[in-house]
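Trainee: Got a minute? I'd like to go through this one with you, starting with the charged contacts.
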Amino acid sequence: MAKRLITAEDLYRFQVLADPQISPDGEHVVFSVQRVERKNEKKFSNLWVVPTRGGSAFQFTVGDHTDVHPVWSPDGNKIAFLSNRLDKEKPPALFIIPFGGGEARPLGQIEGEIGEILWSPDGRKLLLTVRKTR
């Protein structure tokens, strides 16, 4: 097979994996996968999960929005993450999704850009770093 250079068209086939996080029990890894939509050149990301003992990765969130920075709760039953699914014109908001299945739900309204997300040891609270944007 002849070698060829990468073209701009090839870039649409690339997917970028980021933010891998091992579950507290060590059984799964959650990560984000970014893709570029060919028709409008917009970037979207969704969360994926793969078992650590082998097997196929599966898409955990879906849609044309940006889901990033997943963080497992200490008991492994929930994942906090950032998403612009409610308003693509604003910075991503904080969401929680149950690992066992169910819809992602937003957690309040925070003015500014959320950076770091940390769970309290008992899993009842979240600590966030927020950069004021106004």
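Trainee: Which side chain does R131 meet in a salt bridge?
Mentor: That would be E113, with N to O at 2.9 Å. Keep in mind that this is a predicted model.
Trainee: Where do those two sit in the chain?
Mentor: R131 is in strand β10 (residues 126–131) and E113 is in strand β9 (residues 113–119), so the salt bridge ties together parts 18 residues apart in sequence.
Trainee: And is E113 buried, exposed or partly exposed?
Mentor: E113 is partly exposed, at a relative accessible area of 33%.
Trainee: OK. How many salt bridges does a search of the whole structure find?
Mentor: It turns up 4. One of them joins R85 and D67, where the closest N and O atoms are 2.7 Å apart.
Trainee: Which parts of the chain does that pair link?
Mentor: Distant ones: R85 belongs to the loop between β6 (78–83) and β7 (93–98), while D67 is in strand β5 (residues 67–72), 18 residues away.
Trainee: What about burial for D67?
Mentor: D67 has a relative accessible area of 0%, so it counts as buried, the cut-off being under 20%. Its partner R85 is partly exposed at 24%.
Trainee: Any other salt bridge worth a look?
Mentor: Try R53 and E27, whose side chains meet at 3.0 Å, N to O. This pair also links distant parts of the chain, 26 residues apart: R53 is in the loop between β3 (43–51) and β4 (58–59), and E27 is in the loop between β1 (16–22) and β2 (28–36).
Trainee: How accessible are R53 and E27?
Mentor: R53 is exposed, with 70% relative accessible area, whereas E27 is partly exposed at 26%.
Trainee: Switching to sheets. In what order do the strands of the open sheet with β5 run?
Mentor: The order is β5-β6-β7-β8, 4 strands with antiparallel pairing. At the edges are β5 and β8 (105–106), each pairing on one side only.
Trainee: How many bridges join β5 to β6?
Mentor: There are 4, and the two strands run antiparallel. As an example, V71 has A80 in β6 as its bridge partner.
Trainee: Last topic, pockets. What's the volume of the largest one?
Mentor: About 420 Å³. Its lining is made up of 20 residues, and those nearest the centre are K90, P91, A93, Q109 and I110.
Trainee: What's the class breakdown of that lining?
Mentor: You get 9 nonpolar, 6 polar and 5 charged residues around the largest pocket.
Trainee: Great, thanks!

Definitions and conventions
Residues are numbered from 1 along each chain as its sequence is written. This is a predicted model: local features need pLDDT of at least 70, side-chain atom pairs count only at pLDDT 80 or more; totals for chains, interfaces and linings use all residues. Side-chain values use heavy atoms; hydrogens and water are left out. Buried means under 20% relative accessible area, exposed over 50%, partly exposed in between (1.4 Å probe, protein chains only). On a 1 Å grid over the protein atoms alone, a cavity is a set of points where a 1.4 Å probe fits but cannot get out, and a pocket is an open set with protein on both sides within 12 Å along at least five of seven lines; lining residues have an atom within 4 Å of a point. Grid points are joined across faces, edges and corners, and a volume is the space filled by probe spheres set on the points. Ala, Val, Leu, Ile, Met, Phe, Trp, Tyr, Cys and Pro count as nonpolar, Asp, Glu, Lys and Arg as charged, and the others, Gly among them, as polar. Two strands pair if DSSP finds at least two bridges between them.
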